[in-house]
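Here is a short set of exercises to work through with the structure open beside you. Try each task on your own before reading the solution.

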Amino acid sequence: MRFLYLLFFVISIQTINSQNQFIGDEIPYKTALETAKTNGKPVFVMLFADWCPHCNLMKKEVFSDPSVMDFLNKNYVCIWKNIEKEEGTALKNKFKTRSLPAFLFLDSNETLLYALKGEMKKQDFLAEANYALNPKFQLPYLEKEFLADPGNVTKFFTYLNTLKKGADRTELSIPTHIYLNTQSDQQLVTETNWRVIANGVTDIKSREFQYVLQHQKDFAAVASQNRVDRKIENIVTELLRPLVDGMDTVNYYKQREVAKSIRLQKTDSLVFKFDLTLAERTENWKFYKKVTSEDTEKLAWNDASFLKDIGQTYLKHIDDADDLKKSISWVKHSLELSDSFDGNLLIARLYNKIKDKKSALKYAKDAKAIGKEMGWNTNDVDTLLAELAKK
């Protein structure tokens with residue numbers, strides 16, 4: 001009897017779990033549009049990838065809930081597309097999707113009514129899916145209202161705040177500049193217009209951003225210097241990071257000159273870091289040496305950790321003795337900032353690489369002393385000391 005009860009319990013649990021598992025409909029996109037037209041419903045599209053943890057969490061915690069699926073199926077024609085398969089790839093490109101998961105709400109003519117991106121809780125998603133059904137909350141209506149009165153900041157923000165729920169930041173620049181074109185240079189320096197610039201300006205060459213650069217103190221008075229600094233750093237990051245991520249060296253070398261033209265130490269430091277990242281990813285050690293030789297002492301001189309990272313790269317990838325001696329001087333300065341086990345060991349290895357046994361022994365012994373005092377594992381330095389003892 002106990003066995004039968006246990007079997008019934010296990011089957012019941014499995015049944016409940018199976019009812020709560022997400023199963024996406026494999027309806028072709030064209031069929032979904034035709035069905036939407038016939039039934040007078042909009043189309044809901046989820047774009048996902050199997051490797052995306054946020055997508056999988058949404059499937060598990062939101063779309064496996066019967067109440068969510070009942071709402072969606074009642075109000076939409078629903079399809080689920082993997083961006084690594086043919087239709088999913090086409091939709092990703094068509095609607096310029098750069099973040100996952102992405103949720104598109106379309107009419108039967110493929111007009112984008114509403115869009116969302118990223119992971120959400122069930123109640124938040126249901127609230128947004130409800131908004132997407134209301135014509136006055138949809139993008140075409142909000143865009144029309146804004147364009148009819150482009151100098152109206154309330155209509156602008158209503159449109160922008162809805163648009164950015166599903167759009168990439170660069171897509172926000174078009175309505176932002178339409179609004180800002182109604183404002184004179186002097187009118188830009190208000191708390192409201194600073195919010196517009198901070199949220200929507202992404203073009204480093206734009207009139208508005210250049211005006212911010214030339215009037216930083218004025219904008220700091222209506223916002224704060226920290227917020228102005230953060231905007232300047234963000235716009236450089238948005239310019240260069242995609243090129244570094246895509247290892248697009250041709251366009252990177254062009255755009256880095258635009259970023260360098262700002263001529264502020266904070267932006268030069270950002271460019272320096274992007275330069276090194278790109279050089280490492282493309283294994284362009286000639287460029288890495290050029291950048292570090294020119295700017296390490298100017299832009300990384302007070303960062304002990306950064307100096308050691310550069311030294312490690314030289315140890316692994318640079319063979320010229322003069323270049324290695326230069327990297328030794330940088331790592332030595334890191335010890336002046338903060339004496340460390342790893343810094344001493346790194347210098348010992350660099351000296352060993354240029355065959356300066358005496359100096360290598362000195363720094364290896366210093367590293368050993370620090371490690372012993374701290375009670376750390378010293379296997380790496382012991383191995384180096386043994387190697388040096390044989391020479």
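**Exercise 1. Describe how helix 4 and helix 6 pack in this predicted model.**

Solution. Start with the geometry: helix 4 (residues 66-75) packs with helix 6 at an angle of about 10 degrees, and their axes are 11 Å apart. Angles under 35 degrees count as roughly parallel, so helix 4 is roughly parallel to helix 6. Next, find the residues that make the contact: helix 4 supplies S67, V68, F71 and L72, while helix 6 supplies K122, F125, L126, A129 and N130. Finally, sort the contact of helix 4 with helix 6 by class, which gives six nonpolar, two polar and one charged residues.

**Exercise 2. Work out how helix 8 and helix 10 are oriented, and list what joins them.**

Solution. The axes of helix 8 (residues 153-163) and helix 10 (residues 191-200) come within 12 Å and cross at roughly 25 degrees. Helix 8 and helix 10 are therefore roughly parallel to each other. Their crossing is left-handed. Now look at the side facing the partner: V153, F156, F157 and L160 of helix 8 meet T192, R195, V196 and N199 of helix 10. If the spacing of such positions puzzles you, recall that an α-helix has 3.6 residues a turn, so residues three or four places apart point the same way. Sorted by class, the contact of helix 8 with helix 10 has five nonpolar, two polar and one charged residues.

**Exercise 3. Do the same for helix 13 and helix 14.**

Solution. Helix 13 (residues 225-245) and helix 14 (residues 249-260) have axes that come within 10 Å and cross at roughly 165 degrees. Since angles over 145 degrees count as roughly antiparallel, helix 13 is roughly antiparallel to helix 14. The crossing of helix 13 and helix 14 is left-handed. On the helix 13 side, the contact uses V236, L239, L240, L243 and V244, and these meet N251, Y252, Q255, R256 and A259 in helix 14. The residues of this contact of helix 13 with helix 14 divide into seven nonpolar, two polar and one charged.

**Exercise 4. Where does helix 16 bend, and what covers its buried residues?**

Solution. Trace helix 16 (residues 285-299) until you reach S293, where the helix bends by about 40 degrees. Then mark the buried residues of helix 16: W285, F287, Y288, V291, T292, D295, T296 and L299. Looking outward from these buried residues of helix 16, you will find that their cover includes helix 14, helix 15 (265-282), helix 17 (304-317) and helix 18 (321-337).

**Exercise 5. Is Q138 buried or exposed, and which residues outside its sequence neighbourhood does Q138 contact?**

Solution. First locate Q138: its place is in the loop between helix 6 (122-131) and helix 7 (139-148). With a relative accessible area of 12%, Q138 falls below the 20% cut-off and is therefore buried. Setting aside neighbours within four places in sequence, Q138 is in contact with L113, A132 and L133.

**Exercise 6. Check the backbone at P101, E110 and E283.**

Solution. Begin at P101, in the loop between helix 5 (86-94) and strand 3 (102-106). The peptide bond joining L100 and P101 is cis, with omega about -10 degrees. Move on to E110, which lies in the loop between strand 3 and strand 4 (112-117). E110 is not a glycine, yet its phi is positive, about 75 degrees. Its relative accessible area is 28%, so E110 is partly exposed. Finish with E283, in the loop between helix 15 and helix 16. E283 also is not a glycine and has a positive phi, about 55 degrees. At 57% relative accessibility, E283 counts as exposed.

**Exercise 7. Which residues does D319 touch beyond four places away in sequence?**

Solution. Go to the loop between helix 17 and helix 18, where D319 lies. D319 counts as exposed, at 63% relative accessibility. Not counting residues up to four places away in sequence, D319 touches L324 and K353. As for distance, D319 and K353 are 34 residues apart along the chain, and their C-alpha atoms are separated by 8.1 Å.

Key
Residues are numbered from 1 along each chain as its sequence is written. This is a predicted model: local features need pLDDT of at least 70, side-chain atom pairs count only at pLDDT 80 or more; totals for chains, interfaces and linings use all residues. Side-chain values use heavy atoms; hydrogens and water are left out. Axes are lines fitted to C-alpha atoms, for helices over the stretch in contact, and angles run from 0 to 180 degrees between N-to-C directions. Helices (H or I, at least four residues) and strands (E, at least two) are DSSP runs, numbered from the N terminus. Angles under 35 degrees count as roughly parallel, over 145 as roughly antiparallel, 65 to 115 as roughly perpendicular and the rest as oblique. A crossing is left-handed if the near helix is turned anticlockwise from the far one by less than a right angle, and right-handed if clockwise. Contact means heavy atoms within 4.5 Å. Ala, Val, Leu, Ile, Met, Phe, Trp, Tyr, Cys and Pro count as nonpolar, Asp, Glu, Lys and Arg as charged, and the others, Gly among them, as polar. The bend at a residue is the angle between axes fitted to the seven residues ending there and the seven starting there. Buried means under 20% relative accessible area, exposed over 50%, partly exposed in between (1.4 Å probe, protein chains only).
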